[in-house]
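Me: I'm new to reading protein models, and I'd like a close look at a single part. Could you walk me through the salt bridges and what surrounds them?

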Amino acid sequence: MSYSAMKRSLEIELISAEGLKVDRKPVKRKTFCVVRIDQKSKNTKIDELGGSYPIWKDKIEMEMPIDGSVRFISVEVLYRTKGGAEKNVGYAKIPVTDFVGGFAPQGHLNFLSYRLRDQCGDKSGIVNVSIMVKPDGSYKSPSPAVAQADYAACSSQAAAAANGQMWRPRTSASMATTVGYGGRVVTGVPVCCAYQS
């Protein structure tokens, strides 16, 4: 088995964070992120404006083994003190199953948001990321007709999404800063099932 078959290249974009807090107080310093996969890590650029709602929009490319040894990608948000020390704001673990396998083929861009927790386990904000598993040379994208049929077999909600019925135009003024999302927001309703035996 070749080296490229054992690893996949990921394009991870650290988009922004929301409501960052340290000791239950809003962050006022300049923040950045550290992404860790296995033993490797990469830093994003620093948000120069600082504050509790930083925007990085920084893309990082990293390799990830696909042999099952990596189950999570970790994202840590930090800030720098005036003295240059790096302090932790919060930490999130992204399960690999959220962007690999299932109905997320290679080359599919996944927009994900995760709760940040500080070292004591308290909520310290939310981090917004996008992750794409870059296609290798052997991957062939399915035709749109095949993809819709595959999604339709999954559930009625997936069939509705494939037909464009679960999308609505962006209407909120607060969403105007989220450039690059195609101007649409997905809406969904959680479904709970109770099976009786």
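Reply: Happy to! Let's begin with one pair: the side chains of Lys-59 and Glu-11 form a salt bridge, with 3.8 Å from N to O. Keep in mind as you look that this is a predicted model. Lys-59 belongs to strand S6 (residues 55-65) and Glu-11 to strand S1 (residues 7-18), so this pair ties together parts that are 48 residues apart in sequence. Why can these side chains pair at all? Side chains of opposite charge can pair when their charged atoms come close.

Now check how much of each partner is covered. Lys-59 is exposed, at a relative accessible area of 52%, whereas Glu-11 is buried, at 16%. The label for Glu-11 follows because buried means under 20% relative accessible area.

Next, find Arg-36 and Glu-76, whose side chains meet in a salt bridge of 2.8 Å, N to O. Arg-36 sits in strand S4 (residues 31-37) and Glu-76 in strand S7 (residues 72-80), so here the pair ties together parts that are 40 residues apart in sequence. Arg-36 counts as partly exposed, with 33% relative accessibility, while Glu-76 counts as buried, with 13%.

One more pair to look at is Arg-80 with Glu-86, a salt bridge with 3.1 Å between N and O. Arg-80 is partly exposed at 34% relative accessibility, and Glu-86 is partly exposed as well, at 45%. How many salt bridges does the model hold by this rule? The count comes to six, and the pairs we have visited are among them.

Charged side chains also turn up in a surface patch. Lys-21, Arg-115, Arg-117 and Lys-123 form a positive patch on the surface. Residues in such a patch have no salt bridge, so they are a useful contrast to the pairs above. Take Lys-123 as your example: this residue is part of strand S10 (residues 123-133), and Lys-123 is exposed, with a relative accessible area of 53%.

You may wonder about covalent links too. A disulfide is a covalent bond between the sulfur atoms of two cysteines. The count of disulfides here is zero. Cysteines are still worth finding: Cys-33 is buried, with a relative accessible area of 0%, whereas Cys-120 is exposed, at 70%.

Finally, look at Pro-105, in the loop between strand S8 (86-95) and strand S9 (109-117). Pro-105 is partly exposed, with 32% relative accessible area. From Pro-105 to Met-132 there are 27 residues in sequence and 9.3 Å in space, C-alpha to C-alpha.

Key:
Residues numbered from 1 in each chain as written. Predicted model: local features only at pLDDT ≥ 70, side-chain atom pairs only at ≥ 80, totals over all residues. Heavy atoms only, no water. Patch = residues over 30% accessible without salt bridge, like charges linked within 9 Å, V, L, I, M, F, W, Y side chains within 5 Å. Areas by Shrake-Rupley, 256 points an atom, 1.4 Å probe, with all protein chains shown as cover. Salt bridge = Lys/Arg side-chain N within 4 Å of Asp/Glu carboxyl O. Lys, Arg positive; Asp, Glu negative; His and termini not counted. Charge placed at Lys NZ, Arg CZ, Asp CG, Glu CD. Helix = DSSP H or I, 4+ residues; strand = E, 2+ residues; numbered from the N terminus. Buried < 20%, exposed > 50% of the residue type's maximum accessible area, 1.4 Å probe, protein only. Disulfide = S-S within 2.5 Å.
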